[in-house]
Amino acid sequence: MGRVIVIGSQKGGVGKTTTTFNLAYCLAKMGKTVLAIDFDSQANLTTCFGVEKPQELDYTIGHLMMAQLEDEVPKSLKSYIKSRDGVDFIPASIYLSVADAKLRTEMGVEQILASILKRVKNKYDFVLIDTCPSLGNLTINALAAADEVVITVSPQLLSMMGLQDYLRTIGKIRKRINPNLQVSGILLTMCEKRTTLCSVLTKEVTECFQGQIHVFDTKIPATVKVGESIYYNMPIEQYSKRATAAVAYRNFAKEIIGYEGK
Ligand SMILES: Nc1ncnc2c1ncn2[C@@H]1O[C@H](COP(=O)(O)OP(=O)(O)OP(=O)(O)O)[C@@H](O)[C@H]1O
Ligand SMILES: [Mg+2]
């Protein structure tokens with residue numbers, strides 16, 4: 001049975017997409033089968049996978065959500081699943097916002113994504129879901145479909161605010177919709193090791209959640225190489241194998257798989 005992991009945060013720009021993309025590649029390189037789902041209408045993850053014009057795609061997660069909402073589920077999901085360098089992915093486009101609007105007008109729609117995933121998750125070791133920075137219907141659908149959530153936090157003051165709201169939402173989802181949902185941990189991203197604020201906030205997060213929520217040993221350093229690799233639509237592993245962030249994402253993948261992180 002595949003592990004369905006949401007990469008989430010209520011904040012924008014804290015490395016959710018970068019983490020989903022790089023984790024997917026690292027896990028695949030370690031011999032795991034991976035499906036990455038772009039669940040954000042910004043379609044950034046889809047672009048990372050090298051799709052130039054997501055808006056022109058006819059087979060995206062938005063189309064799949066709409067079909068499921070209309071009870072017109074396609075017999076095969078094959079056309080929706082693309083593949084690059086050993087990683088399968090379902091792209092998104094702006095059309096996901098149409099599905100989002102539709103979710104708002106219908107009832108009992110929290111499990112739409114979960115119903116879709118039921119059909120594919122057994123075929124993979126890992127299903128990773130990149131989410132948008134909000135606590136709306138799409139995020140609820142993602143959390144309802146997941147076994148685990150990795151919360152990305154960038155140790156800057158504004159990025160940490162709202163973390164409690166996100167945890168409260170996870171608590172409600174666990175109680176009302178998906179009792180199996182676990183927080184696998186907080187992943188600190190874009191860590192500027194040299195800045196005092198960064199180390200103060202890192203310490204604060206670790207102490208604040210100690211005993212309650214796991215904080216991954218691996219911290220993803222801030223490095224221009226990450227931005228460069230994204231620009232070239234490459235995982236950091238391929239772009240610059242020795243970059244500190246490449247090492248970190250490999251270690252993070254090991255932590256996720258469950259053996260020693262370092
Ligand atoms: N470790 C890092 N070092 C330097 N830059 C990074 C790092 N991780 C991500 N970035 C850059 O930060 C920006 C935001 O990252 P990303 O798109 O992954 O965040 P996000 O949480 O998915 O954002 P959104 O909420 O808009 O979906 C991108 O330009 C990305 O290239
Ligand atoms: Mg993103």
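How far does a polar side-chain atom of glutamine 42 lie from an oxygen atom of ligand 1? In this predicted model, the separation between the two atoms is 3.3 Å. Lysine 16 also places a polar side-chain atom by an oxygen atom of ligand 1, here at 2.7 Å. The backbone takes part as well: a polar backbone atom of proline 221 is 2.8 Å from a nitrogen atom of the ligand. On its own, ligand 1 has 630 Å² of accessible area, of which the protein covers 77%.

The shell around ligand 1 consists of 18 residues, and the closest are Val14, Lys16, Thr17, Thr18 and Pro221. Three elements each give two or more residues to this shell, namely α1 (16–29), β8 (215–221) and α10 (224–231). Helix α1 supplies the largest share, 3 residues. By residue class, the shell contains 8 polar, 7 nonpolar and 3 charged residues.

Turning to the packing of the protein, the largest nonpolar core has 53 residues. Within this core, Ile61, Met65 and Ile151 touch the most other members. When residues up to four places away in sequence are not counted, isoleucine 61 touches Ile37, Asp38, Phe39, Ile90, Pro91, Ala92, Leu96 and Leu113. A second core, separate from the largest, is made up of 34 residues, among them Tyr25, Val226, Ala248 and Phe252.

Terms used:
Residues are numbered from 1 along each chain as its sequence is written. Chains are lettered from A and ligands numbered from 1 in the order in which they are written. This is a predicted model: local features need pLDDT of at least 70, side-chain atom pairs count only at pLDDT 80 or more; totals for chains, interfaces and linings use all residues. Side-chain values use heavy atoms; hydrogens and water are left out. A residue is near a molecule or strand if one of its heavy atoms lies within 4 Å of it. A polar contact is a pair of N or O atoms within 3.5 Å; within protein, one must be able to donate a hydrogen and the other to accept it, and residues adjacent in sequence count only if both atoms are side-chain atoms. Accessible areas come from the Shrake-Rupley method with a 1.4 Å probe; for residues, only the protein chains shown count as cover. Helices (H or I, at least four residues) and strands (E, at least two) are DSSP runs, numbered from the N terminus. Ala, Val, Leu, Ile, Met, Phe, Trp, Tyr, Cys and Pro count as nonpolar, Asp, Glu, Lys and Arg as charged, and the others, Gly among them, as polar. A nonpolar core is a set of buried Ala, Val, Leu, Ile, Met, Phe, Trp, Tyr and Cys residues joined through side-chain atoms within 4.5 Å. Buried means under 20% relative accessible area, exposed over 50%, partly exposed in between (1.4 Å probe, protein chains only). Contact means heavy atoms within 4.5 Å.
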